[in-house]
Each structure stands twice: as structure tokens, then as C-alpha cells.
Amino acid sequence: MKRMKCLISAGPTREWLDPVRFISNPSSGKMGYALAKAAASRDMDVHLVSGPTDILPLKGIKISYVETALEMNAEMNRSFEESELIIMAAAVCDHRPLIQRKQKQKKKDAVSSIELIENPDVLKGMGKRKSSSQVLVGFAAETENHLANAREKIFEKNLDWILVNDVSSKSSGFQSDFNKVTILSKSGDVFEFDLLEKDSLAMKILDIIEP
Ligand code: CTP
């Protein structure tokens with residue numbers, strides 16, 4: 001039998017200002033890696049696209065390492081068409097510095113502001129090209145109006161499912177081994193989970209979203 005192809009992104013992106021400084025966020029990559037492990041344990045053919053994390057490579061899972069949002073966009077798009085289940089768990093930086101200096105910015109030449117430009121929205125781009133046989137899943141990292149904001153993202157990005165995260169909570173935030181998510185479907189289903197270890201939460205998420 002043909003194995004289901006599953007494409008997952010994980011971790012933060014880094015947007016470089018110069019060779020020694022970048023803009024990023026505290027994503028650990030743990031949720032995306034947990035989802036990749038859970039999908040592989042279900043005999044899916046998993047391709048993980050990972051931003052910089054401290055997590056060791058997972059056995060039996062193809063991993064592509066990227067740093068910037070532009071690299072993540074290119075790598076996800078390369079495998080998108082052949083994938084049946086796509087989960088965008090990465091915390092992609094929305095912006096990058098307009099200027100990336102080749103040499104280290106010297107203290108004496110310091111600037112008081114940094115001009116930013118928008119990065120591509122990787123998930124939204126895939127949502128535009130999605131076929132009816134593909135299942136596209138995003139995360140919503142929220143600090144307020146969690147469900148309303150997540151619902152908007154389902155439609156704005158043409159998703160089948162969205163996993164809502166309260167990123168302001170210490171117990172379930174970016175670096176934690178635990179997470180608490182609510183899952184929303186495009187047709188209005190709502191599944192709310194307790195605070196769980198990311199590995200067991202990943203299995204429960206797949207119970208719901210696996211096509
Ligand atoms: N995402 C993406 N590319 C971006 C930004 C976000 O693919 N440039 C994806 C994330 O991986 C996540 C989903 O879009 O699956 C929602 O990300 P989130 O940070 O919650 O929201 P944004 O779309 O960035 O919107 P806002 O910052 O206004 O909440």
C-alpha cells in the first residue's frame with residue numbers, strides 16, 4: 001500500500017541583520033517535531049522542514065534544515081504538491097530586515113531603527129494552490145481573542161484545520177514540553193484538549209486531522 005505523504009514545518013526562522021545578528025522568536029520546534037514523530041509512528045512518509053532548533057534529527061524522517069522565511073517558503077513549496085497532509089507548525093517571522101549587511105555592523109555606525117519588509121506567508125501561499133485531496137493544517141499563535149482570530153485565519157489561508165495556541169501562557173507557550181490547543185475545522189467543529197505533553201498531544205491531533 002502507498003504510504004501517505006506528510007509535510008511538516010517546525011521551529012523558528014532567523015532573519016539576519018548582519019553575519020552575527022538576527023531577528024527571531026522563542027519557538028523550540030518541539031510541537032512540530034512531536035507531530036513528525038507521531039505521523040511517522042502511523043507509517044506516514046514524513047518530510048520535516050526545520051528551522052534552527054536544539055532537537056536531534058528523528059530516525060526514519062527526512063529532514064531539510066532552513067534558516068530564513070524565504071528558505072522555508074522555497075523548501076515547503078518544493079514538496080507541497082506531492083504531499084497529502086501538510087502541517088505548518090513553524091513560527092515563521094512575518095518580516096525581515098530590508099538590508100542584510102555582509103559585514104558586521106560596527107557599534108560606532110549603529111542605526112536607531114531597522115527597516116523591515118514583509119516575508120511571504122508560506123501557509124497562505126499553499127492555501128491558494130491546495131487541491132481538494134490535500135489537507136492543509138495551520139497553527140494560530142495568539143495572545144488574545146484566540147478563537148475569533150483563529151477562525152479568520154482558517155478562511156484567510158484556506159485551511160482545513162487550525163490548531164489554536166495561547167503563546168502567552170508559560171505552561172503551554174513556545175519553549176514548554178507541554179501544550180494546550182483547541183482545534184477548529186473549516187466547517188465549525190471545535191475540539192478542546194487539556195494541557196498535555198507535546199508527544200501525546202501530537203497523537204491526539206493526528207487522530208482528528210489525519211485524512
Ligand atoms: N505562517 C506562515 N508564514 C508566515 C507567517 C505565518 O506560513 N510568514 C503560518 C504559521 O506557520 C501558522 C499560521 O501561518 O501556521 C499562522 O501564524 P500566526 O503567527 O498565528 O499568524 P500570522 O498569519 O503571522 O498573523 P498575525 O501575526 O497577524 O497573528
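Reader: What makes Ala90, Leu123, Ala141, Lys153 and Lys157 stand out around the ligand?

Author: In this predicted model, 14 residues surround the ligand, and these five come nearest: Ala90, Leu123, Ala141, Lys153 and Lys157. A residue belongs to that group of 14 because one of its heavy atoms lies within 4 Å of the ligand.

Reader: Why is the pair between Lys157 and an oxygen atom of the ligand called a polar contact?

Author: A polar side-chain atom of Lys157 lies 2.4 Å from an oxygen atom of the ligand. The cut-off for N or O atoms is within 3.5 Å, so the Lys157 pair counts as a polar contact.

Reader: What makes Val122 and Leu123 partners of the ligand through their backbone?

Author: A backbone N or O atom of Val122 is 3.1 Å from a nitrogen atom of the ligand. For Leu123, a polar backbone atom lies 2.8 Å from an oxygen atom of the ligand. Both values fall within 3.5 Å, so both pairs are polar contacts.

Reader: How much of the ligand does the protein bury?

Author: The ligand taken alone exposes 570 Å², and the protein buries 76% of that.

Reader: How do you know which elements supply the shell around the ligand?

Author: Helix 3 (122–129) and strand 9 (135–142) each supply at least two residues of that shell. Strand 9 gives the largest share, four residues.

Reader: What is the make-up of the shell by class?

Author: The shell has nine nonpolar, one polar and four charged residues. Lys counts as charged, so Lys153 and Lys157 fall in that class.

Reader: Why is the ligand said to sit in the largest pocket?

Author: The space taken by the ligand is the largest pocket. The test is that more than half of the ligand's atoms lie within 2 Å of the pocket's grid points, so the ligand is assigned to the largest pocket.

Reader: What is known of the space and lining of that largest pocket?

Author: About 820 Å³ of space lies in the largest pocket. Of its 39 lining residues, Ala90, Ala91, Val92, Phe139 and Ala141 are the closest to its centre. Helix 1 (30–41), strand 8 (116–118), helix 3, strand 9 and helix 4 (146–156) each supply at least two residues of the lining. By class, the lining divides into 18 nonpolar, 13 polar and eight charged residues.

Reader: Which residues are closest to the centre of the second largest pocket?

Author: The second largest pocket holds about 290 Å³ of space. Leu17, Arg101, Gln105, Val111 and Ile114 are the closest to its centre, out of 13 lining residues. That lining has seven nonpolar, two polar and four charged residues.

Notes. Residues numbered from 1 in each chain as written. Predicted model: local features only at pLDDT ≥ 70, side-chain atom pairs only at ≥ 80, totals over all residues. Heavy atoms only, no water. Polar contact = N/O pair within 3.5 Å; in protein donor to acceptor, adjacent residues only side chain to side chain. Areas by Shrake-Rupley, 256 points an atom, 1.4 Å probe, with all protein chains shown as cover. 1 Å grid on protein atoms, 1.4 Å probe; cavity = no way out; pocket = protein on both sides within 12 Å on 5 of 7 lines; lining within 4 Å. Points joined across faces, edges and corners; volume = space filled by probe spheres on them.
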